Amino acid sequence: MYTQGLDQSGKGETGARGEETAAQLDAFQARIDAEEKIEAKDWMPEAYRRTLIRQISQHAHSEIIGMQPEGNWLTRAPSLKRKAILLAKVQDEAGHGLYLYSAAETLGVSRDQMVADLLSGKAKYSSIFNYPTLSWADVGAIGWLVDGAAIMNQIPLCRCSYGPYSRAMIRVCKEESFHQRQGYEIMLMLCRGTEEQKAMAQDALNRFWWPSLMMFGPSDTDSKHSAQSMRWKIKRFSNDELRQKFIDVTVPQAEFLGLTVPDENLRLNEETGHYEHSEIDWREFYDVLAGNGPCNRQRMGKRRKAHDDGAWVREAARAYAEKRAAVAA
Amino acid sequence: MTDKEWPLYEVFIRSRSGLSHRHAGSVHAADDEMALTNARDTYTRRNEGVSIWVVRSDKIVASDPDEAAAFFEPAKDKVYRHPTFYDIPDEVENL
């Protein structure tokens, strides 16, 4: 479902390392500037490799953890049709996580290492998944807003300079549109339903609006490593540019539903054609990132338990494969 | 028993008959059979394929990108392998 502008968390990753010569770095930058794709075995600066490993693995972790808030509603979906749709969507999120782990592995990091980093809390995932899904309308709001924000961020990643990441994102983007449309349709049905159902939709929008805007990451003035990622064409637009684009397309969609965006300062600037909005509460953002969101502990607890509970399956499958290989030999 | 990582397989998919298999990504699996079903579940949830190949990643032999210039060099100076190398008067048709 999503990656977040979390690239500020790395330390000392912009400087060139001693053994990388200026000529190598210049030749690499020239390839990037010529819009050439970098492939797995090509020479690349160590900082480029590490930035990508961090970003792609965070993105993968977000997909995996992102199954939980919606997975909560699988057994409570209001109809068989909605249940089938939600199952397919949650399965897609697992698939997206796997495409991304596969892309990250081409950079020389093992799947086990990435999983270990997630489980130990060393690696981050998108803060949006630390918010609870309290009603069925939340499933609609997630599809519409969270997947909508993800699409906004992921489309430019399809042109990312690193080939395997770019190809994984193309695959993800093809599947993501269904996610957003099914979410909007849920909202639409609720808004055309009873007063109570519409109130449920409004409540979901109220709770998911600001966290969705935070998905684009810190404001440009605070996002230290954005410039380097832009030079490397890992990133094509700044956090604030993407956030603005998202607001501009989403507000009319809310109006169509007859819902009110929970921001009293929201207004269209006729001159610029863009919506102006209130300042984002960055304290909440950093707080959730630091592990203090409403569901951080629950999400990690569930992931660790699933990993531990599955250990015997992984071992048994491996033992069976080894035994069969030994018999064949 | 240790929780050792399952081997990595590369996945190639034929999207429809008439086309060749194309690299899609990779999966981990304990054995070949599981690699096939994992590849199906991961890469063909929307009928993207009619045939799948999986092969252990460590069995693939690949050329070295750092040696690419030298490796592919022998093909570079043989312009006479291309039809445009030959000067044929415009009056001659069907050639």
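Reader: Does B:N47 count as buried or exposed?

Author: The model is predicted. A residue over 50% relative accessible area is called exposed. B:N47 reaches 73% relative accessibility and therefore counts as exposed.

Reader: Where is the place of B:N47 in chain B?

Author: B:N47 sits in the loop that runs between helix 1 (32–43) and strand 3 of chain B. Its backbone has a positive phi of about 55°, although B:N47 is not a glycine.

Reader: What is the phi of A:K233?

Author: For A:K233, too, the value is positive in a residue other than glycine, with phi near 60°. A:K233 belongs to the loop between helix 9 (226–231) and helix 10 of chain A. The relative accessibility of A:K233 is 18%, so this lysine counts as buried.

Reader: How do I read strand pairing? In which sense do strand 1 and strand 2 of chain B pair?

Author: Pairing requires at least two bridges between the strands. Strand 1 (residues 8–14) and strand 2 (residues 22–28) of chain B pair in the antiparallel sense, over six bridges. To find the register, take B:I13, which stands opposite B:R22 in strand 2 of chain B.

Reader: How many bridges join strand 1 to strand 3 of chain B?

Author: Six bridges join them, and strands 1 and 3 (residues 51–56) of chain B run antiparallel. On that side, the residue opposite B:V11 is B:V54 in strand 3 of chain B.

Reader: Next, charged side chains. How many salt bridges does a search of the whole structure find?

Author: Side chains of opposite charge can pair when their charged atoms come close. Over all chains, the search finds 27 salt bridges. One of these is formed by A:D138 and A:R207, whose closest N and O atoms are 2.7 Å apart. That pair links distant parts of the chain, with A:D138 in helix 6 (residues 136–157) and A:R207 in helix 8 (residues 195–214) of chain A, 69 residues apart.

Reader: Is A:D138 buried or exposed?

Author: A:D138 is buried, with a relative accessible area of 0%. Its partner A:R207 counts as partly exposed at 24% relative accessibility.

Reader: Which residue forms a salt bridge with B:R40?

Author: The partner is B:D41, and the closest N and O atoms of the two are 3.0 Å apart. B:R40 is partly exposed, at a relative accessible area of 44%, and B:D41 is partly exposed as well, at 35%. Also in chain B, the side chains of B:K78 and B:D77 meet in a salt bridge at 3.2 Å, N to O. In chain A, salt bridges that share partners join A:E70, A:K89, A:E93 and A:D147 into one network.

Reader: A buried acid may lack such a partner. What is the nearest side chain of opposite charge to A:D263?

Author: A:R267 is the nearest, and it is 10 Å away; A:D263 is buried and has no salt bridge. A:D263 lies in the loop between helix 10 (239–257) and strand 1 (267–269) of chain A. Its side chain makes a polar contact of 2.4 Å with the side chain of A:S278. A polar atom of the A:D263 side chain also lies 3.0 Å from the backbone nitrogen of A:N265. Leaving out residues up to four places away in sequence, A:D263 touches A:W210, A:H277 and A:S278.

Reader: How far away is the nearest side chain of opposite charge to B:D31?

Author: The cut-off for a salt bridge is 4 Å. For B:D31 the nearest opposite charge, A:R324, is 4.4 Å away, and this buried residue has no salt bridge. B:D31 is in the loop between strand 2 and helix 1 of chain B. Its side chain reaches the backbone nitrogen of B:M34 at 2.9 Å. Residues up to four places away in sequence aside, B:D31 touches A:Y320, A:A321, A:R324 and B:Y9.

Reader: Which residues of chain B is A:A317 in contact with?

Author: Leaving aside neighbours within four places in sequence, A:A317 is in contact with B:W6, B:A30 and B:M34. A:A317 is part of helix 13 (residues 311–328) of chain A and counts as buried at 14% relative accessibility.

Reader: Last, the cysteines. How many disulfides are there over all chains?

Author: A disulfide is a covalent bond between the sulfur atoms of two cysteines. The count over all chains is zero.

Reader: Why does A:C160 have no bond to A:C158?

Author: A:C158 holds the closest cysteine sulfur, but at 9.7 Å from the sulfur of A:C160 it is too far for a bond. A:C160 is buried, with a relative accessible area of 0%. A:C295 also counts as buried, at 5% relative accessibility.

How values were computed:
Residues are numbered from 1 along each chain as its sequence is written. Chains are lettered from A and ligands numbered from 1 in the order in which they are written. This is a predicted model: local features need pLDDT of at least 70, side-chain atom pairs count only at pLDDT 80 or more; totals for chains, interfaces and linings use all residues. Side-chain values use heavy atoms; hydrogens and water are left out. Helices (H or I, at least four residues) and strands (E, at least two) are DSSP runs, numbered from the N terminus. Buried means under 20% relative accessible area, exposed over 50%, partly exposed in between (1.4 Å probe, protein chains only). Lys and Arg count as positive and Asp and Glu as negative; His and the chain ends are not counted. A polar contact is a pair of N or O atoms within 3.5 Å; within protein, one must be able to donate a hydrogen and the other to accept it, and residues adjacent in sequence count only if both atoms are side-chain atoms. Contact means heavy atoms within 4.5 Å. A disulfide is a pair of cysteine sulfur atoms within 2.5 Å.
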